[in-house]
Amino acid sequence: MEMREVTVVTGSFAGFQLLFSVASPLFSRLFVPGYRRLPPAKHTEWNSRFVSTIHALIVGLFCLYILWFDDAVNADPVWGDPGLVKLNVAITCGYLLYDLVLLARNWATMGDSFFVCHHFAALYAYGYVLTQGVLPYFANFRLISELSTPFVNQRWFFEALSYPRTDRLVVTNGVAMAVVFFLVRIAVMPPYYSRVVSTFGTPAFERLGLGPQVAWISSCICLDVLNTVWMYKIARGCYRVLTGAQGKKAKGASSNQLNHHDGAHGNSHRD
């Protein structure tokens, strides 16, 4: 790994830690009144998700730029010039290391084995990108999935602030989350794996060697199994929110007809 990548990984780790410890608490106290009323454990996860959203926006938009404008990477997905991709991957590796440390320190309240598996699988694969500069197109393509993260985090923010599940903003974000998650994590699988298969047996693929080949394919399968599990959970939750919102509206209309006033109905939705 070159000194530039080491510097970026280190700076990314430190920068995200500062966002977690300083920027998020300060910003949230100033602009989100409900933040002050949250218990300490919720503060920790709130700040973590704030940082996650910042990372996702930086890396996701950088990913799109590379996919659209980096001709060298698009022309040679296995050995194309990895300069910009390595920079983007280094930012993500710094974030993943920061997040693993955060999870370890707060395992009782934030621990999630799925996320740990996801992070180690990503670090395993991205390590080859940073050290050998291989597979830049495919490494960058995986990062497009980060574009769904802001919607996932926003769902948690609404819940932490006790927004009703049937609130228009909550329902809109939930639908957007399900749609975007599907588009950037599930719908991209066929074209991605089609491009993967097209490299099999080529001189560029053989030049990789067994180590990078195994890291590439195994990490992709692991990550996409996790994405499929998460998509199922999100789709199920979205369905329940939508049907719950419709049921509540119908119940409200019925109550209004019977009692001639708007009744207050509890939200019985459960994850």
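Begin by selecting L135, which at 6% relative accessibility counts as buried, where buried means under 20% relative accessible area, exposed over 50%, and partly exposed in between, computed with a 1.4 Å probe on protein chains only. The model in your viewer is predicted, so that local features need a pLDDT of at least 70 and side-chain atom pairs count only at pLDDT 80 or more, while totals for chains, interfaces and linings use all residues. Residues are numbered from 1 along each chain as its sequence is written, and side-chain values use heavy atoms, with hydrogens and water left out.

**Two loop residues**

Stay with L135, which is found in the loop between α6 (113-132) and α7 (136-142); helices here are DSSP runs of H or I with at least four residues, strands are runs of E with at least two, and both are numbered from the N terminus. Although L135 is not a glycine, it has a positive phi of about 55°. Most residues other than glycine have a negative phi.

Now select S162, in the loop between α8 (149-160) and α9 (168-186), where you will find a positive phi of about 65° although this residue is not a glycine either. Is S162 buried or exposed? With a relative accessible area of 62%, S162 is exposed.

**Charged pairs**

Side chains of opposite charge can pair when their charged atoms come close. A salt bridge is counted when a side-chain nitrogen of Lys or Arg lies within 4 Å of a carboxyl oxygen of Asp or Glu, and by this rule the count comes to six salt bridges.

Select R4 and E5 together, and look for the salt bridge in which their side chains meet, at 2.9 Å from N to O. R4 counts as partly exposed, at 41% relative accessibility, whereas E5 is buried, with a relative accessible area of 2%.

Keep E5 selected and add K86, because K86 counts as buried at 9% relative accessibility and its side chain meets that of E5 in a salt bridge of 3.7 Å, N to O. This pair links distant parts of the chain, since E5 lies in helix α1 (residues 3-31) and K86 in helix α4 (residues 83-105), 81 residues apart.

Move next to E45 and R49, whose side chains meet in a salt bridge of 3.0 Å, N to O. Both residues lie in helix α2 (residues 40-69), four residues apart, which is about one turn of the helix. Returning to the earlier residues, salt bridges that share partners join R4, E5 and K86 into one network.

What else is E45 in contact with, leaving aside its neighbours within four places in sequence? E45, which counts as buried at 18% relative accessibility, is in contact with M110 and W156, where contact means heavy atoms within 4.5 Å.

**Confidence**

Finally, colour the model by pLDDT, the predictor's confidence in each residue, from 0 to 100. The protein averages a pLDDT of 87, and 90% of the residues score at least 70. Among the elements of the protein, α1 has the highest mean pLDDT (96) and helix α12 (residues 210-259) the lowest (74). Over residues 250-271 the pLDDT is below 50, and this stretch has 21 contacts in the model beyond near neighbours in sequence. Where pLDDT is low, the predicted coordinates should not be read in detail.
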